[in-house]
Amino acid sequence: MSRVALVTGGAGFIGSHLVKKLLHENYKVIVYDDLSNGSGKKNLPKKINFIKGSILNEAKFAKSCSKADVVFNLAVKPLPMSFDNPEEVVKVNGLGTLIVAKTCTQLKKKLIHVSSSESYGTAQNVPMNESHTFFPTTVYAASKAASEYYVQSLHESDGLKMVIVRPFNCYGPYMRDDVYAAAIPNFYHRITKRKPPIIFGNGKQTRDLTYVEDTVNGIFLADKRTKAIGKALNIGQGKETSINQVAKMMIKQYSGITETSVSSKILYKKERKGDVRRHFADISYAKKILGYKPQISLEEGVNKYLQWALNE
Ligand SMILES: NC(=O)c1ccc[n+]([C@@H]2O[C@H](COP(=O)([O-])OP(=O)(O)OC[C@H]3O[C@@H](n4cnc5c(N)ncnc54)[C@H](O)[C@@H]3O)[C@@H](O)[C@H]2O)c1
């Protein structure tokens, strides 16, 4: 019998890739999403059961996940919203996660909760392992940190079977360009219009950029490997790259693929509030517990992204 997964936020960027991965691994998939942000249903395969609903609707969520063996929780309100409407971000990312975790506890469902490297804030020491302090620099990051504590506490008090996954910045096809970490799609839109990519700050800020197929493989392995239960694990590339390097790499690759000459100029704008300065993941724990190993280098991933974007 196939394992049944319910994916909250399954219509979103990472969620839609996870859904395809789970179908490929012979899971039956229920997507539970209120379609409030993200790209809607257009990136979802036909072979799923789609339920339009909010994780804040406790009764509907409980009914929807009664047939699932495992819940992957990816429903989220994005970082930029936390500047204009922090209450909504806390409601969905914090209270919403509590409702998901409480329901999974009551119905005895396994929960794979997708948190974020944003919870750590800027690196105090590198590479950043799972014991790195939480020092959130935005309400979004704080809501993701809080979400982990709700999941962790129900594991401790009521035996919730859970795994927490902390992805570092993820990129790839179907990535939205209206989110905070959308450097790659935004650079692409500028380069393709022959305009210089815009960087906020001096571009020396670093990220551990991970291709979405590697990220979803890490999330999938969190369900697969029973050793992971009760643990929190970083999922990243395990490499640090500055935003300047990303912009230069994209200009070079775009010129090569399209056989056009593109100016290497970059437009620098004022640093954004809450932007972390440095992210560099230690992924040794995920390697040990999950057997996770990223397969796609940044050069390959950027190339794959550009090939996809140029054919869109
Ligand atoms: N994208 C990244 O680089 C990144 C990095 C680290 C962690 N994450 C985490 O991965 C998860 C997915 O992120 P993403 O980038 O795919 O986000 P996304 O914004 O593309 O998708 C989020 C989905 O959640 C849905 N949603 C919002 N509110 C909801 C609600 N109340 N009930 C049900 N569904 C709701 C949206 O409609 C959307 O389809 C999040 O938990 C995020 O914190 C993302």
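Helices H8 and H10 are oblique to each other, a class that remains once angles under 35 degrees (roughly parallel), over 145 (roughly antiparallel) and 65 to 115 (roughly perpendicular) are set aside. The structure is a predicted model, in which local features need pLDDT of at least 70, side-chain atom pairs count only at pLDDT 80 or more, and totals for chains, interfaces and linings use all residues. Residues are numbered from 1 along each chain as its sequence is written, and side-chain values use heavy atoms, with hydrogens and water left out.

Helix H8 spans residues 243-258 and helix H10 residues 298-311; they pack at an angle of about 55°, with their axes 10 Å apart. Axes are lines fitted to C-alpha atoms, for helices over the stretch in contact, and angles run from 0 to 180 degrees between N-to-C directions. Helices (H or I, at least four residues) and strands (E, at least two) are DSSP runs, numbered from the N terminus. The crossing of H8 and H10 is right-handed, meaning that the near helix is turned clockwise from the far one by less than a right angle. From H8, Val246, Met249, Met250, Gln253, Tyr254, Ile257 and Thr258 meet Leu298, Glu299, Val302, Asn303, Leu306, Gln307 and Leu310 of H10, where contact means heavy atoms within 4.5 Å. These residues divide into 9 nonpolar, 4 polar and 1 charged; Ala, Val, Leu, Ile, Met, Phe, Trp, Tyr, Cys and Pro count as nonpolar, Asp, Glu, Lys and Arg as charged, and the others, Gly among them, as polar.

A second helix pair is formed by H4 (residues 86-107) and H5 (residues 139-158), whose axes come within 9 Å and cross at roughly 15°. H4 is therefore roughly parallel to H5. Their crossing is right-handed. On the H4 side the contact includes Pro86, Val89, Val90 and Asn93, and on the H5 side Val139, Tyr140, Ser143 and Lys144 are among the residues met. By class, this contact has 10 nonpolar, 6 polar and 3 charged residues.

Tyr140 and Lys144 of H5 lead on to the ligand. Of the 28 residues around the ligand, these two come nearest together with Asp33, Asn37 and Arg176, a residue being near if one of its heavy atoms lies within 4 Å. An N or O atom in the side chain of Tyr140 is 2.7 Å from an oxygen atom of the ligand, which falls under the term polar contact, a pair of N or O atoms within 3.5 Å. Backbone N or O atoms also approach nitrogen atoms of the ligand, at 3.0 Å for Ile55 and 3.4 Å for Asp34.

Helix H1 (residues 13-24) packs with helix H7 (residues 212-224) at an angle of about 65°, with their axes 9 Å apart. This crossing is right-handed. Among the contact residues are Phe13, Ile14 and His17 of H1 and Val212, Thr215 and Val216 of H7. The contact comprises 8 nonpolar, 3 polar and 1 charged residues.

Two backbone details remain. Asn26, placed in the loop between H1 and strand S2 (28-33), has phi near 70°, a positive value in a residue other than glycine. Val126 and Pro127 are joined by a cis peptide bond with omega about -10°, and Pro127 is located in the loop between strand S5 (110-114) and H5.

Technical notes: Polar contact = N/O pair within 3.5 Å; in protein donor to acceptor, adjacent residues only side chain to side chain.
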